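Visitor: Please take a close look at one part of this model, the protein surface that faces the nucleic acid. I should like to know how that surface is made up and how the elements behind it are arranged.

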Amino acid sequence: MKEADAIKLFIGQIPRNLEEKDLKPIFEQFGKIYELTVIKDKYTGMHKGCAFLTYCERESALKAQNALHEQKTLPGMNRPIQVKPADSEGRGEDRKLFVGMLGKQQSDADVRKMFEEFGSIEECTVLRGPDGTSKGCAFVKYQNNPEAAAAINTLHGSRTLPGASSSLVVKFADSEKERGIRRMQQVASQLGVISPMTLHLGAYNAYTQVLVQQQALVAQSAYLSPVSTITMQQLAALNPSSLIATPIASLTTSAQSPVLDPIQQAYAGMQHYTATYPAAYGMVGQPFPHQHTMLAQQHQQPQQLQQREGPEGCNIFIYHLPQEFTDSEMLQMFIPFGNVISAKVFVDRATNQSKCFGFVSFDNPSSAQTAIQAMNGFQIGMKRLKVQLKRPKDANRPY
DNA sequence: TAGTATT
């Protein structure tokens with residue numbers, strides 16, 4: 001079906017509304033396609049704006065790369081399409097350097113000049129903010145690893161450039177895994193959120209990832225929205241992972257609480273998000289279709305969530321909750337998984353203290369299952385949550 | 001001082 005020496009290509013800078021069927025015509029003019037896959041997020045299914053492409057014949061891949069790479073820009077994109085061998089094809093990124101502690105004045109050309117004596121540079125880019133000012137760092141990619149190593153040996157720490165606060169940093173760029181961790185930390189800090197990971201509360205897992213992606217989407221909606229009065233602190237008030245780490249006093253939502261206002265504002269932003277995000281990014285399905293409904297309920301009836309049970313299979317039992325978790329915190333913890341119709345932490349009548357277990361009800365069994373899958377075993381502090389379906393009323397075994 | 005993305 002395909003040649004033994006076929007090349008897998010990475011395709012970048014493709015609009016998020018283009019699926020395989022839309023991309024096929026663009027690429028099949030260079031040869032018979034063996035496989036074409038749009039890359040989607042493992043958890044949310046969100047189109048990541050890139051794809052992998054393998055032609056049956058090696059020659060087709062080379063032709064496509066020649067004809068398309070950096071040659072044209074797809075509608076809605078502001079950078080040209082990328083068509084090049086996937087990282088999996090060659091050796092890893094062992095020839096790419098991160099350069100830190102540059103002066104703000106230095107251009108790509110200045111950096112290139114400094115690095116070119118160590119080998120042939122394939123790419124050299126100073127990172128810049130939206131206003132074009134240098135971030136004081138750059139990526140430099142050589143054709144091979146020894147060249148990169150030579151540059152590190154000679155340049156790292158060798159001088160302090162004007163305007164830099166410390167001596168020049170030259171090291172291999174982060175691996176993909178390290179980049180992932182860095183991104184998580186960035187999002188968390190931008191949102192003023194103390195993430196579970198930052199707190200070492202638990203391992204990075206599906207739930208953490210879902211949360212951080214939601215944070216990113218909400219932040220984006222605030223940005224897109226004309227009602228962009230919401231602040232990062234206000235966003236944090238919506239987020240369960242911040243609740244985990246924050247003293248309860250400031251967080252229990254009530255009609256009188258100042259927390260209500262940000263929720264209303266966020267909801268205004270979310271409405272805009274609902275309308276704008278799919279149009280702007282060609283998103284086919286909402287990653288969290290229920291969240292808007294939930295916020296709408298809060299909007300109309302803050303804290304008035306009635307205690308009611310969903311149909312069988314929709315109700316979950318949660319044990320080993322943190323002592324300080326109230327209905328509100330637990331509710332927010334489970335919002336990502338669906339339309340929550342009830343969230344109740346059981347409280348000792350005598351002491352008014354949480355008994356560290358509770359029930360959450362969704363309006364459908366699938367949400368309940370998703371919540372169980374993601375949250376059972378989720379580590380908070382020294383404990384792990386136990387999350388399972390609530391037993392039907394007639395069952396009476398002890399827990 | 002970490003980009004626009006690598007199943």
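Guide: A caution comes before the surface itself: over residues 222-304 the pLDDT (the predictor's confidence in each residue, from 0 to 100) stays under 50. For that stretch the model has 139 contacts beyond four places in sequence, a contact being heavy atoms within 4.5 Å. Chain A has a mean pLDDT of 75, with 67% of its residues at 70 or more. Residues 193-204 also have a pLDDT below 50, and the model gives this stretch 28 contacts beyond near neighbours in sequence. Where pLDDT is low, the predicted coordinates should not be read in detail.

This is a predicted model, in which local features need pLDDT of at least 70 and side-chain atom pairs count only at pLDDT 80 or more, whereas totals for chains, interfaces and linings use all residues. Residues are numbered from 1 along each chain as its sequence is written, chains are lettered from A and ligands numbered from 1 in the order in which they are written, and side-chain values use heavy atoms, with hydrogens and water left out.

Now to the surface requested. There are 32 residues around DNA strand B, of which Gln 13, Lys 96, Phe 98, Met 101 and Glu 123 come nearest; a residue is near a molecule or strand if one of its heavy atoms lies within 4 Å of it. By class, this surface has 12 nonpolar, seven polar and 13 charged residues. Here Ala, Val, Leu, Ile, Met, Phe, Trp, Tyr, Cys and Pro count as nonpolar, Asp, Glu, Lys and Arg as charged, and the others, Gly among them, as polar. On the DNA side, 29% of the atoms of strand B within 4 Å of the protein belong to sugar or phosphate, and the rest to bases.

Three side chains make polar contacts (pairs of N or O atoms within 3.5 Å; within protein, one must be able to donate a hydrogen and the other to accept it, and residues adjacent in sequence count only if both atoms are side-chain atoms) with bases of DNA strand B. A side-chain N or O atom of Ser 88 is 3.3 Å from a base oxygen. Thr 125 has a side-chain N or O atom 3.1 Å from a base nitrogen, and a polar side-chain atom of Asp 174 lies 3.2 Å from a base nitrogen. Two or more residues of the surface come from each of β1 (8-12), β3 (47-55), β4 (82-85), β5 (96-100), β6 (121-128), β7 (134-142), β8 (169-172) and α5 (176-190). Helices (H or I, at least four residues) and strands (E, at least two) are DSSP runs, numbered from the N terminus. The largest share, four residues, is that of α5.

Several of these strands belong to an open sheet of four, in the order β2-β3-β1-β4, with antiparallel pairing; two strands pair if DSSP finds at least two bridges between them. β2 (33-40) and β4 are the edge strands, each pairing on one side only. Ignoring direction, neighbouring strands are turned by 25° against each other on average; axes are lines fitted to C-alpha atoms, for helices over the stretch in contact, and angles run from 0 to 180 degrees between N-to-C directions. Within the sheet, five bridges join β1 and β3 in the antiparallel sense, and Gly 12 has Cys 50 in β3 as its bridge partner. Helix α1 (residues 20-28) packs on the sheet and touches β1, β2, β3 and β4, its direction making about 135° with that of β2. Helix α2 (residues 58-68) also packs on the sheet, touching β1, β3 and β4, at about 145° to the direction of β4.

The other strands of the surface are linked to one another as well. β6 and β7 pair antiparallel over six bridges, and Thr 125, already met at a base nitrogen, stands opposite Phe 139 in β7. The hairpin of β6 and β7 has five residues between the strands, and Gly 132 there takes a positive phi near 90°. β7 is also joined to β5 by four bridges, again antiparallel, with Leu 97 opposite Val 140. β5 in turn pairs antiparallel with β8 over four bridges. There Phe 98, among the residues nearest to DNA strand B, has Lys 171 in β8 as its bridge partner.
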